[in-house]
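Good morning, colleagues. I should like to take a few minutes to walk through one structure with you. Please keep the display in view as I speak.

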Amino acid sequence: MFENQTEQQAREQILNMVAEYCDTFHNQAKPFEEGDRIPYASRVYDHNEMVNLVDSSLEFWLTSGRYTVQFEKQLAEYLNVKYCSLVNSGSSANLCAFMALTSPLLGERRVRRGDEIITVAAGFPTTVAPVIQYGAVPVFVDVTIPQYNIDVTKLEEAYSEKTKAVMIAHTLGNPFDLGAVKAFCDRHNLWLVEDNCDALGSRYTIDGETKATGTIGDIGTSSFYPPHHMTMGEGGAVYTDNALLNKIIRSFRDWGRDCVCPSGRDNLCGHRFDRQYGELPLGYDHKYVYSHFGYNLKATDMQAAIGCAQLEKFPSFVERRKANFARLKEKLAGTEEKLILPVPCENSDPSWFGFLITCKEGVDRNAVVRYVESKGVQTRMLFAGNLTKHPCFDEMRATGEGYRIVGSLENTDRIMRDTFWVGVYPGMTDEKIDYMAKTIRAAIE
């Protein structure tokens, strides 16, 4: 088949066939009919993602390579940050971000076992899991409804002499009150980690400047799991403007090593064999010097290749999410006697991940959800609801150790009982949005 062709010509032929295959057998939209399944999220892609994927696989480099470098550069440019590190999932991004704060290189500001991290229980468990796994103490604060983000009036009450950081997520794309949280962190010299996994593309205006969420704190994280704002299948990113934090993040991502050489490169610093580290002999190979107890959290170049194609589409994804959210809210106008509809945080411009709905007294959330699901509309709870109620907390609940709750988690418990959400992902059509609204209205009647 490839006789008399150069390798480049053969590659071009393969990639042209891949594009044709994708256009023929993928993304062939059929007319929507009432009752068709409407998922809360889905991948949105065309042949460019598939061509990039195969292009990377033909090189067979497999681990981080040229597409990874390209993706990190382009995402950093989009977010307007200095440093971006690709990892294999959003959960790994949160792990890497938190563990960076434990580095001895941070001196007195490092997080030590027993130190406290302010967070919320109404969210996804991997925002909190690294804190517990390390031996620090999560301090749970209630959230507000209908923003579903941290109640900033509780921050001072949550603070103690052991507090070292605040680590919270922007809920379903709706930014938390970054103005108040950032001021609190600055006042007490605390680290701020923004879990931006559900909010890529959201923006917040602080001190007269509009910035991307994830870039206002010390570290931001993203996820590229299929339902998220963009996809690599699996994947995530950690980003910061702090050069020292970036060095530590890369070390934890790459086995904990001290060396900063990328995959396939040796002796980038020019001092591979002439330095002394720890109690190692002088000249010990710097590629095998470890400054942290790290992990291997790298993504493959094939994932990065998909991400590069997704980034080109990403601004349009954000705009479509906003339009879908606005249309659904408009179509649900008049239901406020029975439902609480979501409200964006002041000073924010959310890139909505989903549309949160809380049932008022007298409306059975479970009955509504069962009806809506029976009509083909997929729903989700707000992740853990109240994380402290889950079996993973059984042992800590029994001993009363390992975490702390400030005040009551009244709204958190209400969300656990009464709240659900539906999707607004960019692949949704106006017909689907209208049908979802019609179905939700029917469910509450």
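**Strands, a hairpin and a helix pair**

Let me begin with an open sheet of 3 strands, in the order S10-S12-S14 and with antiparallel pairing. I should say at once that this is a predicted model. Strand S10, residues 339-340, and strand S14, residues 419-423, are at the edges; each has a single partner strand, so one side of each is left without a neighbour in the sheet. Between S10 and strand S12, residues 354-359, the antiparallel pairing extends over 2 bridges. Leu 339 has Cys 359 of S12 as its bridge partner. Across S10, S12 and S14 lies helix H13, residues 430-444, which runs at about 155° to S14.

I turn now to strand S6, which comprises residues 203-206. In a regular strand, the side chains alternate between the two faces of the sheet. Which side chains of S6 are buried? They are Tyr 204 and Ile 206, which point to one face, while Arg 203 and Thr 205 point to the other and are not buried.

S6 has an antiparallel partner in strand S7, residues 209-212, and 4 bridges join the two. Arg 203 is paired with Ala 212 of S7 as its bridge partner. The two strands, S6 and S7, form a hairpin with 2 residues between them, and in the turn Asp 207 has a positive phi of about 55°. S6 is also joined to strand S11, residues 348-349, by 2 bridges, again in the antiparallel sense. There, Tyr 204 stands opposite Ser 348.

My next topic is a pair of helices. Helix H3, residues 66-79, packs with helix H9, residues 301-331, at an angle of about 25°, and their axes are 7 Å apart. Why is H3 described as roughly parallel to H9? The reason is that angle, because values under 35 degrees count as roughly parallel. The crossing of H3 past H9 is left-handed. Among the residues making the contact are Phe 71, Leu 75 and Tyr 78 of H3, together with Leu 311, Phe 314 and Val 318 of H9. By class, this contact of H3 with H9 has 10 nonpolar, 4 polar and 2 charged residues.

Finally, I draw your attention to Gly 278, in the loop between helix H8, residues 243-253, and H9. Is Gly 278 buried or exposed? Gly 278 is exposed, with a relative accessible area of 66%. Its C-alpha atom is separated by 33 Å from that of Asp 301, and the two residues are 23 residues apart along the chain.

How values were computed: Residues are numbered from 1 along each chain as its sequence is written. This is a predicted model: local features need pLDDT of at least 70, side-chain atom pairs count only at pLDDT 80 or more; totals for chains, interfaces and linings use all residues. Side-chain values use heavy atoms; hydrogens and water are left out. Axes are lines fitted to C-alpha atoms, for helices over the stretch in contact, and angles run from 0 to 180 degrees between N-to-C directions. Helices (H or I, at least four residues) and strands (E, at least two) are DSSP runs, numbered from the N terminus. A crossing is left-handed if the near helix is turned anticlockwise from the far one by less than a right angle, and right-handed if clockwise. Contact means heavy atoms within 4.5 Å. Ala, Val, Leu, Ile, Met, Phe, Trp, Tyr, Cys and Pro count as nonpolar, Asp, Glu, Lys and Arg as charged, and the others, Gly among them, as polar. Two strands pair if DSSP finds at least two bridges between them. Buried means under 20% relative accessible area, exposed over 50%, partly exposed in between (1.4 Å probe, protein chains only).
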